Amino acid sequence: MLIIDGKKVSIDLKSELKVRVDEHRAATGKVPGLTVIIVGEDPASQVYVRNKAKSCKETGMHSSVIEMEASTSEEALLSKIRELNDDPDVHGILVQQPLPKQIDEFAVTLAIDPAKDVDGFHPENLGRLVMGHLDKCFVSCTPYGILELLGRYNIETKGRHCVVVGRSNIVGKPMANLMLQKLDATNCTVTICHSATKDIPSYTRQADILIAAIGKAGFITADMVKPGAVVIDVGINRIDDPSTKSGSRLVGDVDYDGVSALASAMTPVPGGVGPMTIAMLLKNTLQSFERANNLQ
Ligand SMILES: NC(=O)C1=CN([C@@H]2O[C@H](COP(=O)(O)OP(=O)(O)OC[C@H]3O[C@@H](n4cnc5c(N)ncnc54)[C@H](OP(=O)(O)O)[C@@H]3O)[C@@H](O)[C@H]2O)C=CC1
Ligand SMILES: Nc1nc(=O)c2c([nH]1)NC[C@@H]1CN(c3ccc(C(=O)N[C@@H](CCC(=O)O)C(=O)O)cc3)C=[N+]21
Ligand SMILES: [Mg+2]
């Protein structure tokens, strides 16, 4: 079984991005800038935001984090976003999800300038993805990172059956639509399963490429997987484990031990899709900078 090493690929990709950032700095005196807004004090979100800022610095990009109180009003957040939309030094804006319940996530997504929406969540970007205008949009970082992994590991996609479990706007839907595109690196037959799907194993067992984005630890078990399938695990679930120092550990949506015995290739958790999500966020931020400065 081939372990698809997202951690390693993300390191390679970040060093490629750094070369380009250094060239831009030398030529223009400017570097790409990413601003992350975090509302409230969710500890998991704080870890992601710190990782994003650290990766930004590794590649020579400028990073700033805006922390807002959990009680922040929707209007206060929207007004901060409008300020960043107008700031020429900000090339990427990311508002960390989930948001507190008084704030409408869709209103926030709509407020971000699509040209700075490095998450790829704005309907203009998701719509362009669905319509196949990939060069003019930002692709949601997790699906984009998975595509990058499939490409770097030379995994055949054309004509193969890709089954995506999960239909969120940030992972499942863009993932399925990406694999459906008429491109050499995609061109799959696609099935999407969700919580109302009857008999999920009957679909997952047909998958040549199985992508799990559910948010339930160990949901995909060996009996649900066709021997030789490529299995991509998006899930990030923290479970109790008294044998570890912290008392918990991260697992994916796939039962790794069971499924790795019959898959041909698989992403681990941690060290698979997660680090790629961050690398693609930086790639999108660099892309935004290059578009803004006519450097393409
Ligand atoms: N590695 C990374 O970079 C990232 C990881 N994640 C992780 O990926 C996972 C999914 O994230 P996200 O898409 O935001 O999650 P959401 O909770 O938004 O969506 C989960 C999807 O799974 C479906 N689902 C839930 N339970 C079942 C079930 N019993 N059977 C079938 N389908 C089910 C839901 O169906 P329905 O629509 O019917 O409710 C929904 O479509 C989470 O663990 C998250 O932490 C997320 C983003 C990035
Ligand atoms: N606006 C917005 N954009 C996002 O992209 C976004 C978001 N909100 N909210 C939360 C989810 C989740 N997400 C992850 C990113 C990296 C890892 C990651 O790097 N994971 C490491 C482990 C990290 C750890 O140890 O906790 C790994 O899998 O190896 C995980 C999850 C981005 N998200
Ligand atoms: Mg969600």
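User: How do the residues around ligand 1 divide by class, nonpolar, polar and charged?
Analyst: In this predicted model, the shell around ligand 1 divides into 11 nonpolar, 11 polar and 2 charged residues.

User: And which residues come nearest to ligand 1?
Analyst: Of the 24 residues around ligand 1, the ones that come nearest are Gly166, Ser168, Ser195, Gly215 and Thr277.

User: Which element gives the largest share of that shell?
Analyst: The largest share around ligand 1 comes from helix 10, spanning residues 273–292, which contributes 3 residues.

User: OK, ligand 2 now. Which residues come nearest there?
Analyst: Ligand 2 has 18 residues around it, and of these Gln97, Pro270, Gly271, Gly274 and Thr277 come nearest. Two or more residues of that shell are given by each of helix 2 (43–58), strand 4 (92–95) and helix 10.

User: Which of those gives the most?
Analyst: Helix 10 does, with 4 residues in the shell around ligand 2.

User: What's the class make-up of the ligand 2 shell?
Analyst: By class, the shell around ligand 2 holds 11 nonpolar, 6 polar and 1 charged residues.

User: Where does ligand 2 lie with respect to the domains?
Analyst: Ligand 2 lies between domain 1 (29–113) and domain 2 (140–274), because both domains give residues to the shell around it.

User: How far apart are the centres of the two domains?
Analyst: Taken over C-alpha atoms, the centres of domain 1 and domain 2 are separated by 27 Å. The bounds, 29–113 for domain 1 and 140–274 for domain 2, are those of the domain assignment of the chain.

User: Back to helix 10. How does helix 1 cross it?
Analyst: The axes of helix 1, residues 6–28, and helix 10 come within 8 Å and cross at roughly 15°. At that angle helix 1 counts as roughly parallel to helix 10, because the cut-off for this description is an angle under 35 degrees.

User: Left-handed or right-handed?
Analyst: The crossing in which helix 1 passes helix 10 is left-handed. On the side of helix 1, the contact is made by Gly6, Lys7, Val9, Ser10, Leu13, Lys14, Leu17, Arg20 and Val21, while helix 10 brings Val273, Gly274, Pro275, Met276, Ile278, Ala279, Leu282, Lys283 and Leu286.

User: How does that contact divide by class?
Analyst: The residues in the contact of helix 1 with helix 10 divide into 11 nonpolar, 3 polar and 4 charged.

User: Different spot: at what angle do helix 6 and helix 7 pack?
Analyst: Helix 6 (residues 141–152) and helix 7 (residues 172–180) pack at about 40°, and their axes are 8 Å apart. These two helices are therefore oblique to each other, and helix 6 passes helix 7 in a right-handed crossing.

User: Which residues make that contact?
Analyst: Helix 6 supplies Pro143, Ile146 and Leu147, and helix 7 supplies Pro174, Met175 and Leu178. By class, the contact of helix 6 with helix 7 has 6 nonpolar residues, no polar and no charged ones.

User: What about helix 5 against helix 7, what angle and distance there?
Analyst: Helix 5, residues 123–130, packs with helix 7 at an angle of about 30°, with the axes 9 Å apart. That angle makes helix 5 roughly parallel to helix 7.

User: Which residues meet there?
Analyst: Leu126, Leu129 and Val130 in helix 5 meet Pro174, Asn177 and Leu178 in helix 7. The contact of helix 5 with helix 7 divides into 5 nonpolar residues, 1 polar and no charged.

Note on methods: Residues numbered from 1 in each chain as written. Chains lettered and ligands numbered in written order. Predicted model: local features only at pLDDT ≥ 70, side-chain atom pairs only at ≥ 80, totals over all residues. Near = placed C-beta within 6 Å. Nonpolar A, V, L, I, M, F, W, Y, C, P; charged D, E, K, R; others polar. Domains from an automatic or database assignment. Axes fitted to C-alpha atoms, helices over the stretch in contact; angles between N-to-C directions. Parallel < 35°, antiparallel > 145°, perpendicular 65-115°, else oblique. Left-handed = near helix turned anticlockwise from the far one by under 90°. Contact = placed C-beta atoms within 7 Å.
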